[in-house]
Amino acid sequence: MAQTPSTMVPLGTPAPDFELPDPAGKVLSLDDHPRARGYLVAFLCNHCPFVKHVRNGLADFGRAYAARGIAIYGISSNDVTAHPDDSPEKMAELAAKAGWVFPYLYDESQEVAKAYGAACTPDFFLFDAERLLVYRGQFDDSRPGNGKGVTGSDLRAACDALLEGHQISKDQKPSIGCNIKWKAGNEPDWFAGSG
């Protein structure tokens, strides 16, 4: 199983805004939560074994932290022509089956993934209330087949520190996953190879 790491965008980077539809066609943006205590943007997809591995843990995380004021957005940017399992219809099925309480949005143009520097699925970007990047990287140390339980410990620690007004550790580990499936000719400059 090929593995692609996060690009580890510099901390303090402002959150790129977006307007993206959910599978039902409702368009959402960061501005839908102007008083959020933080913003989590997670790049996901349906077919990736790394996303499947954390799917239930992500549902638990979403319920816990949405209730505490974190605005959470899942985004799928994969090329659905080459990967039909990632189509909006399948996205809606997965979100319902997984129990995700956060919106799961479709980035058909892939421009939002590029703006965020998203490289893999899953890839997590946590911003403070001013929409400045305070954490990027892994959910936790668990990977398919490594025997470690899915806890979301890294992302939970960052969210807890943010919500409690504490310093977030700058010792952040890249997420590892399948590369975003770029459309032919649409690959970002930093993309190298496939995974």
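In this predicted model, Arg131 touches Thr13, Pro14, Ala15, Leu30, Asp31 and Tyr39, leaving aside residues up to four places away in sequence. One of these neighbours, Asp31, is also a polar partner: the side chains of Arg131 and Asp31 make a polar contact at 3.0 Å. Arg131 itself is found in the loop between β8 and β9, the latter spanning residues 133–137. Despite this loop setting, Arg131 counts as buried, because its relative accessibility of 19% falls under the 20% cut-off.

Tyr39, another residue touched by Arg131, leads conveniently to strand β4. This strand covers residues 38–43 and is mostly covered, with six of its six residues buried. Its side chains alternate between two directions: Gly38, Leu40 and Ala42 point one way, whereas Tyr39, Val41 and Phe43 point the other way, and all are buried.

Two pairings of β4 can be described in turn. With strand β5 (residues 70–76), β4 runs parallel, and six bridges join the two. Within this pairing, Ala42 stands opposite Gly74 of β5. The chain passes from β4 to β5 by way of helix α1 (residues 49–66), forming a β-α-β crossover that is right-handed.

The other pairing involves strand β8 (residues 123–128), which is antiparallel to β4 and linked to it over six bridges. Here the bridge partner of Gly38 is Asp128 in β8. Happily, this brings the description back to its starting point, since the loop holding Arg131 lies between β8 and β9.

Technical notes: Residues are numbered from 1 along each chain as its sequence is written. This is a predicted model: local features need pLDDT of at least 70, side-chain atom pairs count only at pLDDT 80 or more; totals for chains, interfaces and linings use all residues. Side-chain values use heavy atoms; hydrogens and water are left out. Buried means under 20% relative accessible area, exposed over 50%, partly exposed in between (1.4 Å probe, protein chains only). Helices (H or I, at least four residues) and strands (E, at least two) are DSSP runs, numbered from the N terminus. Two strands pair if DSSP finds at least two bridges between them. A crossover is right-handed if, with the strands pointing away from the viewer, the path from the first strand over the helix to the second runs clockwise. A polar contact is a pair of N or O atoms within 3.5 Å; within protein, one must be able to donate a hydrogen and the other to accept it, and residues adjacent in sequence count only if both atoms are side-chain atoms. Contact means heavy atoms within 4.5 Å.
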